[in-house]
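Me: I would like to learn how to read a structure feature by feature, starting with the strands. Can we go through one together?

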Amino acid sequence: MAKQEWKPGNMVYPLPAVLVTCRDEKGKDNILTVAWTGTVNTNPPMVYISVRPERYSYEMIRSTKEFVINLTTKELVWATDFCGVNSGRDMDKFERCKLHKEEASVVKAPLLAESPVNIECRVTEEKKLGSHSMFLAKVVAVHADEEYMDEKGRFSFAKAKPIVYSHGEYYRLGEKLGTFGYSVKKKGKKKGKKPSKKH
Ligand SMILES: Cc1cc2nc3c(=O)[nH]c(=O)nc-3n(C[C@H](O)[C@H](O)[C@H](O)COP(=O)(O)O)c2cc1C
């Protein structure tokens, strides 16, 4: 079968769909859904979010240089969609989605209590790209809910039931296909050099 050539477009899918929380200088809080997000550096830990300037949250993040990335789960899928199709200009999305706030430890923006992982971020740079402005940010604190820890105290992402976003649709994750480095692990041998987990 032949492959079709398509016009250039955004085709890196699936993506996370995260709930980004922010607080303006007067203390008003808001949430927006963001799929244009990801990790850009290991050390120091750095992330990005790309936000259209017309979003209500844009000015809040631009002026305070702070936001929180809250990871989403199956339980949060309705709120993830709702916060992505309604503006904080018109309503209090925390109230409408029955979501609760917790104080962050470094930034002023609130954490979402219902999210299993909250990533506090401080903007280091804004890059205007066209339709969106990319906020590059340093991770300044991370909170992980103990509810999802296994018996060894390790955080289990599988337990948290994360969701992904692909071409306008939300999915939960399916079966585990392998673990990091399994492709180079020698069968039956316990000793040997472990592949580096550093990306
Ligand atoms: C799944 C999903 C992903 C989204 N990703 C982005 C994004 O990466 N950047 C962005 O600016 N808006 C994105 N949006 C749209 C905003 O979340 C939406 O316009 C929201 O109403 C903005 O809220 P605000 O006006 O309260 O800031 C996304 C919406 C959905 C449903």
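Reply: Start with a definition: two strands pair if DSSP finds at least two bridges between them. Strands of a sheet pair through backbone hydrogen bonds, either parallel or antiparallel. Keep in mind that this model is predicted.

Me: In what order do the three strands of the open sheet run, and is the pairing parallel or antiparallel?

Reply: The order is E1-E11-E12, and the pairing is antiparallel. Strand E1 (15–16) and strand E12 (169–172) are the edge strands, each pairing on one side only.

Me: How many bridges join E11 and E12?

Reply: Four bridges join E11 and E12, in the antiparallel sense. To place the register, find Ser166, which stands opposite Glu169 in E12.

Me: Now the ligand. How many residues surround the ligand, and which are the closest?

Reply: A residue counts here if one of its heavy atoms lies within 4 Å of the ligand. On that basis 21 residues surround the ligand, and Thr33, Ser57, Asn86, Ser87 and Gly88 are the closest.

Me: Which helices and strands each supply at least two residues of that shell?

Reply: There are two strands, E3 (29–34) and E5 (46–51), and two helices, H1 (56–64) and H2 (77–85). The largest share comes from E3, with four residues. By class, the shell divides into nine nonpolar, nine polar and three charged residues.

Me: Which polar atoms of the protein should I look for beside the ligand's oxygen atoms?

Reply: A polar contact is a pair of N or O atoms within 3.5 Å. In the side chain of Asn30, an N or O atom is 2.8 Å from a ligand oxygen. Lys93 places a polar side-chain atom 2.9 Å from an oxygen atom of the ligand. With Arg52 it is a backbone N or O atom that lies 2.9 Å from a ligand oxygen. As for cover, the ligand taken alone exposes 650 Å², and the protein buries 89% of that.

Me: What is the volume of the largest pocket, and which residues lie nearest its centre?

Reply: The volume is about 1,000 Å³. The largest pocket has 32 lining residues, with Leu71, Phe157, Ala158, Pro162 and Leu173 nearest its centre.

Me: Which elements each supply at least two residues of this lining, and how does the lining divide by class?

Reply: Strand E4 (37–41), strand E9 (117–128), helix H4 (157–160) and strand E11 (163–166) each supply at least two. E11 also belongs to the open sheet discussed above. The lining has 18 nonpolar, eight polar and six charged residues.

How values were computed. Residues are numbered from 1 along each chain as its sequence is written. This is a predicted model: local features need pLDDT of at least 70, side-chain atom pairs count only at pLDDT 80 or more; totals for chains, interfaces and linings use all residues. Side-chain values use heavy atoms; hydrogens and water are left out. A polar contact is a pair of N or O atoms within 3.5 Å; within protein, one must be able to donate a hydrogen and the other to accept it, and residues adjacent in sequence count only if both atoms are side-chain atoms. Accessible areas come from the Shrake-Rupley method with a 1.4 Å probe; for residues, only the protein chains shown count as cover. Ala, Val, Leu, Ile, Met, Phe, Trp, Tyr, Cys and Pro count as nonpolar, Asp, Glu, Lys and Arg as charged, and the others, Gly among them, as polar. On a 1 Å grid over the protein atoms alone, a cavity is a set of points where a 1.4 Å probe fits but cannot get out, and a pocket is an open set with protein on both sides within 12 Å along at least five of seven lines; lining residues have an atom within 4 Å of a point. Grid points are joined across faces, edges and corners, and a volume is the space filled by probe spheres set on the points.
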